[in-house]
Amino acid sequence: ILMFKIPRVSAHCDIPCKIYDPAAAQYAVLSVIRLIDLINDIDESNLNKKNIAEISRLTSQKEEHAQIAKKEVITIWGDYFKEPQISKFPEVHNLVHSIMMSGSKSKQTLDRANAEDLLDKVNQFAEIFWATKDIETEKKISPYPPNMPVICPKLEDA
């Protein structure tokens, strides 16, 4: 039963044009790294119920954030990158595939190096993304743990 008479609607992309931004993927990867650090800080010699529950919760969040990073990148790659961008940056396909692989490794393990590799690749993706828009970028250190570098667009002063 239809309550409202709404005509068929459609859109050519998942989100409105011009608001794609790899920052959400970068934030998610920073969260993965931070969660790995928190897990590794738990005293393994004292694995009581509280610590086991905390490890479970942190691990679940780590895996969720790794999946968010993958989803954000795949959405931008699938919806935003078209012929003009791909012609200019043909390496984007292999880069996205390697991001998917690093994201999976980050979900599967507690090896910080996997998450750092994922951040490096997502930063490369961000650099390419902003270059397709002819926007200069700069490397900044995130102001919160794990205090890792992220590629950001250079913003104009207000």
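The expected span of a helix is 1.5 Å times one less than its number of residues. Keep that rule in mind as you look at this predicted model, beginning with helix H1.

**Helix H1**

Helix H1 covers residues 23-41, and its 19 residues should span 27 Å at 1.5 Å a residue; the C-alpha atoms at its ends are 27 Å apart, so expectation and model agree.

Which residues of H1 are buried? They are Ala 25, Gln 26, Ala 28, Val 29, Leu 30, Ser 31, Val 32, Ile 33, Leu 35, Ile 36, Asp 37 and Ile 39. And what covers them? The cover includes three other helices, H2 (49-80), H4 (92-108) and H5 (112-132), together with strand S2 (149-153).

**The whole protein**

Now step back from H1. The protein contains five helices and two strands, and walking along the sequence you meet them in the pattern α-α-α-α-α-β-β. Of its 158 residues, 37% count as buried. The protein exposes about 10,200 Å², and 55% of this area comes from carbon and sulfur atoms.

How do contacts link the chain along its sequence? Take the contacts between residues at least 6 apart in sequence: 67% of these join residues at least 24 apart.

**Two helix pairs**

Helix H5 packs with H2 and also crosses H4. Here are both pairs side by side.

| Helix pair | Angle between axes | Axis separation |
|---|---|---|
| H2 and H5 | about 30° | 11 Å |
| H4 and H5 | roughly 150° | within 9 Å |

Start with H2 and H5, which pack at an angle of about 30°. Angles under 35 degrees count as roughly parallel, so H2 is roughly parallel to H5. H2 passes H5 in a left-handed crossing. On the H2 side, the contact is made by Val 73, Ile 76, Trp 77 and Tyr 80, while H5 brings Val 122, Phe 125, Phe 129 and Thr 132.

Next come H4 and H5, whose axes cross at roughly 150°. Because angles over 145 degrees count as roughly antiparallel, H4 is roughly antiparallel to H5. The crossing of this pair is left-handed. From H4, the residues that meet H5 are Val 92, Leu 95, Val 96, Ser 98, Ile 99, Ser 102, Gly 103, Lys 105 and Ser 106. Their partners in H5 are Asn 114, Ala 115, Asp 117, Leu 118, Lys 121, Val 122, Gln 124, Phe 125 and Ile 128.

Try finding Val 122 and Phe 125 of H5 in the structure: these residues take part in the contact with H2, and they also meet H4.

Terms used
Residues numbered from 1 in each chain as written. Predicted model: local features only at pLDDT ≥ 70, side-chain atom pairs only at ≥ 80, totals over all residues. Heavy atoms only, no water. Helix = DSSP H or I, 4+ residues; strand = E, 2+ residues; numbered from the N terminus. Buried < 20%, exposed > 50% of the residue type's maximum accessible area, 1.4 Å probe, protein only. Contact = heavy atoms within 4.5 Å. Areas by Shrake-Rupley, 256 points an atom, 1.4 Å probe, with all protein chains shown as cover. Axes fitted to C-alpha atoms, helices over the stretch in contact; angles between N-to-C directions. Parallel < 35°, antiparallel > 145°, perpendicular 65-115°, else oblique. Left-handed = near helix turned anticlockwise from the far one by under 90°.
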